[in-house]
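Got the model open? Let's go through some of the labels people put on a fold like this and check what backs each one up.

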Amino acid sequence: EILFDRAEKVIQLATADAAVDKANLQLEELNRNITTEAVEAVRQLQFALQQKALTERTLKIAKDRLDAELERYRAGRLSALDISNAQQSFAAAQEQSISVNDQIFRAYLALDRTTGKLLDSWNLKDKVKDWAYVVQ
């Protein structure tokens with residue numbers, strides 16, 4: 001019986017060691033995934049911010065062109081079709097600006113989520129506690 005108890009403890013120890021090894025591997029994988037997600041979120045944010053700079057220049061050029069075209073139209077040197085084209089270019093630049101702002105917002109959200117700062121960044125920590133209380 002002593003031999004049996006010892007063998008059982010050896011098996012329990014081996015099982016516990018295997019569980020610890022498995023948990024460590026899972027932790028390493030989780031850390032790699034988090035690092036990959038964080039790097040990707042930073043990359044997306046950097047790209048979106050670069051796009052923002054380009055979009056702002058494009059928007060300014062389109063606005064300046066529209067203003068110039070309107071002056072020429074008022075002076076009788078352009079048709080309504082030319083004004084319409086300039087307005088469409090400006091509207092497209094505005095849509096692109098909105099899209100880039102959305103990309104920036106989403107990149108910040110992804111970065112906050114990945115780094116565990118989502119609730120703090122958006123002042124939601126207390127609200128989540130309130131929601132948890134309501135759910136109970």
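Q: This is a predicted model, so what makes the set with Ala-41, Leu-45 and Ala-48 a nonpolar core?
A: A core here needs buried nonpolar residues joined through side-chain atoms within 4.5 Å. Eight residues meet that, and they form the largest such core: Ala-41, Leu-45, Ala-48, Val-100, Ile-104, Ala-107, Ala-110 and Leu-111. Both α1 and α2 give two or more residues to this core, and the largest share, 5 residues, comes from α2.

Q: Which residues is Ile-104 in contact with, leaving aside its neighbours within four places in sequence?
A: Leu-45, Ala-48, Leu-49 and Lys-52. There's also a second, separate core of 5 residues, which includes Ala-62, Leu-66, Ala-86 and Ala-93.

Q: How do you know that the length of helix α1 agrees with its residue count?
A: Take 1.5 Å a residue: the 73 residues of α1 (2-74) should span 108 Å, and the end C-alpha atoms sit 105 Å apart, so the two agree. After α1 comes Gly-76, with a positive phi near 85 degrees.

Q: What do the buried residues of α1 pack against?
A: They pack against α2 (80-115). Among the buried residues of α1 are Ala-38, Lys-52, Thr-55 and Glu-69.

Q: Why is α1 called roughly antiparallel to α2?
A: The two helices pack at about 160 degrees, with axes 7 Å apart. Angles over 145 degrees count as roughly antiparallel, so α1 earns that label against α2. As for handedness, α1 passes α2 in a left-handed crossing.

Methods
Residues numbered from 1 in each chain as written. Predicted model: local features only at pLDDT ≥ 70, side-chain atom pairs only at ≥ 80, totals over all residues. Heavy atoms only, no water. Helix = DSSP H or I, 4+ residues; strand = E, 2+ residues; numbered from the N terminus. Expected span 1.5 Å × (residues − 1). Buried < 20%, exposed > 50% of the residue type's maximum accessible area, 1.4 Å probe, protein only. Contact = heavy atoms within 4.5 Å. Axes fitted to C-alpha atoms, helices over the stretch in contact; angles between N-to-C directions. Parallel < 35°, antiparallel > 145°, perpendicular 65-115°, else oblique. Left-handed = near helix turned anticlockwise from the far one by under 90°.
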